[in-house]
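Here is a walk through one chain, written for someone who would rather look at the model than at a table. Keep the 3D view open and follow along.

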Amino acid sequence: MKIVKLNKLLIVVFLSISSLMKAQDGAISIPKKAKVYFLRSTGFVGSGASFKTYIDGEMVCKLGNKRYSIHEVSEGKHECYVLFGGLKINEKVEKCEIDVKENKITYVQFFLDNGVFGFKIYCKEITEEDAKKKIEKMKEDVKCL
């Protein structure tokens, strides 16, 4: 008899505790991913040195001339830039902001303009059509770092 009462009490306590617990709200959120292609075809000027390419302050590739690289990033806005020839982050670096969408490819091309007083490196988002034409003449850099 005491065992039956004890079992009933344990069941009531267990049900009370379990009803107070909340189930997880929704599923675990997985970051949405997208791809960014970096393209570099700067001609003869600067072709001997690699471009150190960065996404959000993290170096992702040392990209040679006539090469492209593919990077997976989370959906949203990202800042891209390149360093060349031993430059530090605040010297002659022009950053570009890209807004990547889930399951979409964003194409970014790097340019090197050589002028009288030095050079300027910058990046620009280009269309898929333009990128595909340029990629045909390039090799993928699979060993970025």
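## Starting from strand S2

Let's begin with S2, which is mostly covered: four of its five residues are buried. Bear in mind that this is a predicted model. S2 covers residues 51-55, and it has a pairing partner in S3 as well as in S5, so take the two in turn.

With S3, the pairing is antiparallel and runs over five bridges. Thr-53 is a handy place to look, as it stands opposite Cys-61 in S3. The two strands make a hairpin with two residues between them, and Asp-56 in that turn has a positive phi of about 55°. With S5, S2 again pairs in the antiparallel sense, this time over four bridges. Here you can pick out Lys-52, whose bridge partner in S5 is Leu-83.

## The sheet around it

How do these strands line up in the sheet? The order is S3-S2-S5-S6, an open sheet of four strands with antiparallel pairing. At the edges sit strand S3 (58-63) and strand S6 (96-100), each of which pairs on one side only. From one strand to the next, the twist averages 30°. As a reminder, strands of a sheet pair through backbone hydrogen bonds, either parallel or antiparallel.

Strand S5 (residues 76-83) also pairs with S6, in the antiparallel sense and over five bridges. To find that pairing on screen, look for His-78: its bridge partner in S6 is Ile-98.

Gly-76 lies in S5 too. Is Gly-76 buried or exposed? It counts as buried, at 18% relative accessibility, because the cut-off for buried is under 20%. Leaving aside neighbours within four places in sequence, Gly-76 is in contact with Ile-98, Asp-99 and Val-100. Gly-76 and Ala-34 are 42 residues apart in sequence, with 9.0 Å between their C-alpha atoms.

## Cysteines: one pair and a bystander

Searching the whole structure turns up one disulfide. Which cysteines does the disulfide join? Cys-96 and Cys-123, with 2.3 Å from S to S. The angle about the S-S bond is -115°, and the link is left-handed. It ties together distant parts of the chain: Cys-96 is in strand S6 and Cys-123 in strand S8 (residues 118-126), 27 residues apart. Both ends are covered, since Cys-96 has 12% relative accessibility and counts as buried, while Cys-123 is buried with a relative accessible area of 8%.

Now for Cys-80, which is in no disulfide. The nearest cysteine sulfur belongs to Cys-96 and is 4.8 Å away. A disulfide needs the two sulfur atoms within 2.5 Å, so this pair does not count as one. Cys-80 is buried as well, at 0% relative accessibility. Not counting residues up to four places away in sequence, Cys-80 touches Phe-38, Tyr-54, Ile-55, Glu-94, Lys-95, Cys-96, Ile-98 and Cys-123. Both disulfide partners are therefore on the contact list of Cys-80.

## Two nonpolar cores

Cys-80 turns up again in the largest nonpolar core, which has 21 residues. Val-36, Phe-38, Phe-51, Cys-80, Val-108 and Phe-110 touch the most other members. Which elements give two or more residues to this core? They are strand S1 (33-40), strand S2 (51-55), S3, S5, S6, strand S7 (105-115) and S8.

There is also a second, separate core of eight residues. Among its members are Tyr-37, Ile-126, Ile-135 and Met-138.

## Stepping back to the whole chain

Overall, the chain has two helices and nine strands. From the N terminus on, the elements run α-β-β-β-β-β-β-β-β-α-β.

How much of the chain is buried? Buried residues make up 31% of the 145 residues. Of the contacts with a separation of 6 or more, 62% are between residues 24 or more positions apart. The accessible surface comes to about 10400 Å², and 56% of that belongs to carbon and sulfur atoms.

Terms used. Residues numbered from 1 in each chain as written. Predicted model: local features only at pLDDT ≥ 70, side-chain atom pairs only at ≥ 80, totals over all residues. Heavy atoms only, no water. Axes fitted to C-alpha atoms, helices over the stretch in contact; angles between N-to-C directions. Buried < 20%, exposed > 50% of the residue type's maximum accessible area, 1.4 Å probe, protein only. Contact = heavy atoms within 4.5 Å. Core = buried A, V, L, I, M, F, W, Y, C linked by side-chain atoms within 4.5 Å. Areas by Shrake-Rupley, 256 points an atom, 1.4 Å probe, with all protein chains shown as cover.
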